[in-house]
Amino acid sequence: MQLKGKTAVVTGAARGLGKAIAFKLAQMGANVVLNSFSDGIYKTAEEFKASGYNVVAVKGDVSKPDDVKQIVKAATDTYGRLDILVNNAGITKDKPMLMMSEEDWDTVLNINLKGAFNCTKAAGKIMLKQNSGKIINVSSVAGRYGNKGQANYSASKAGLIGLTKTTAKELGAKGITCNVITPGLIESDMTEVLPDELKQNYLKNIALGRFGTPEDVANVVAFLASEDSNYVTGQVIDIDGGLVM
Ligand SMILES: NC(=O)c1ccc[n+]([C@@H]2O[C@H](COP(=O)([O-])OP(=O)(O)OC[C@H]3O[C@@H](n4cnc5c(N)ncnc54)[C@H](O)[C@@H]3O)[C@@H](O)[C@H]2O)c1
């Protein structure tokens with residue numbers, strides 16, 4: 001119960017990595033604001049409540065500052081504070097770059113990168129007043145090393161690394177840490193649709209010889225959200241079973 005009395009906001013928490021991260025933080029005692037832009041967030045919240053956890057669901061689009069205000073307000077209105085922000089919401093719209101539409105570029109950048117900026121700005125103001133806070137951004141190995149067919153996605157995820165380091169520098173003096181994780185291939189709805197051949201190719205290069213699970217990611221986020229990581233900030237942490245090293 002390391003996070004008892006703390007409040008976390010997890011974006012994109014209806015399923016996949018976000019849901020696993022939110023579940024882990026709740027297991028550690030945190031109150032959690034679950035956000036997603038799909039109605040699935042209400043069902044997820046019911047599952048959490050049935051397990052005895054304190055959560056509130058807020059449907060909203062992280063790329064819209066007005067929605068983000070409501071997400072953050074739910075934390076302070078319901079629990080009186082905001083200690084942990086996990087910028088997890090993300091989408092893909094893959095295509096070879098020369099065939100990628102401007103709309104697909106803008107949509108992915110707006111959700112994956114501007115969404116994190118919007119949430120960091122809104123949550124950061126509260127954390128500044130509290131003189132503490134933990135911000136964890138969910139990037140990807142694609143943001144570190146690029147990926148064919150993912151110009152928009154990898155640019156958004158690389159942007160998150162720059163956003164993380166700047167946030168760490170701007171807010172560090174107030175006791176706020178900001179780190180970014182770069183998961184490799186994790187079993188989720190997002191990766192389920194990838195062609196089998198591509199997955200097998202990845203597998204050959206993963207030192208641990210298996211794909212990651214959402215729980216593998218949640219365990220690292222739990223460390224970064226806890227006081228055990230108080231002297232860790234501005235860091236990029238690969239969670240990829242040794243895919244790239
Ligand atoms: N699965 C992987 O292998 C993998 C690897 C590296 C990074 N990631 C990153 O992890 C994060 C979660 O991925 P996942 O595999 O769980 O994906 P997913 O598609 O299963 O879940 C994404 C979640 O984000 C929500 N979402 C999408 N757009 C949103 C918006 N505008 N506002 C609020 N919520 C929104 C969805 O409703 C959903 O709950 C993403 O940022 C993704 O880029 C995933």
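Helices, of at least four residues, and strands, of at least two, are DSSP runs numbered from the N terminus. The model treated in these exercises is predicted.

**Exercise 1. The ligand shell**

Determine which helices and strands each supply at least two residues of the shell around the ligand, and describe the shell by class.

*Solution.* Step one concerns the elements: helix H1 (16-27), strand E2 (31-36), H4 and helix H7 (189-192) each meet the condition. Step two concerns class: the shell has 12 nonpolar, 14 polar and three charged residues. Finally, of the 29 residues around the ligand, those that come nearest are Gly-12, Gly-16, Gly-90, Ser-188 and Met-190.

**Exercise 2. The largest nonpolar core**

State which element gives the largest share of the largest nonpolar core, and which residues Ile-21 touches beyond four places away in sequence.

*Solution.* The core holds 65 residues; Ile-21 is among those that touch the most other members, as are Val-9, Val-10, Leu-25, Val-32, Leu-34 and Val-221. Helix H4 (residues 102-130) contributes the largest share, eight residues. Beyond four places away in sequence, Ile-21 touches Val-10, Val-86, Asn-88, Val-217, Ala-218 and Val-221.

**Exercise 3. Helix H6**

Compare the expected span of helix H6 (residues 151-171) with the distance between its end C-alpha atoms.

*Solution.* The expected span is 1.5 Å times one less than the number of residues. H6 has 21 residues, so it should span 30 Å. Its end C-alpha atoms are 30 Å apart, in agreement. The buried residues of H6, including Tyr-153, Leu-160 and Leu-163, pack against H4, strand E5 (133-138), helix H5 (141-145) and strand E6 (176-183).

**Exercise 4. Asn-131**

Decide whether Asn-131 is buried or exposed.

*Solution.* Asn-131 lies in the loop between H4 and E5. A residue is exposed if 12 or fewer other C-beta atoms lie within 10 Å of its own. Asn-131 has 10, and is therefore exposed. Its phi is positive, near 60 degrees.

How values were computed. Residues are numbered from 1 along each chain as its sequence is written. This is a predicted model: local features need pLDDT of at least 70, side-chain atom pairs count only at pLDDT 80 or more; totals for chains, interfaces and linings use all residues. A nonpolar core is a set of buried Ala, Val, Leu, Ile, Met, Phe, Trp, Tyr and Cys residues joined through C-beta atoms within 7 Å. A residue is buried if 20 or more other C-beta atoms lie within 10 Å of its own, exposed if 12 or fewer, and partly exposed in between; C-beta atoms are placed from the backbone. Two residues are in contact if their C-beta atoms, placed from the backbone, lie within 7 Å. A residue is near a molecule or strand if its C-beta atom, placed from the backbone, lies within 6 Å of it. Ala, Val, Leu, Ile, Met, Phe, Trp, Tyr, Cys and Pro count as nonpolar, Asp, Glu, Lys and Arg as charged, and the others, Gly among them, as polar.
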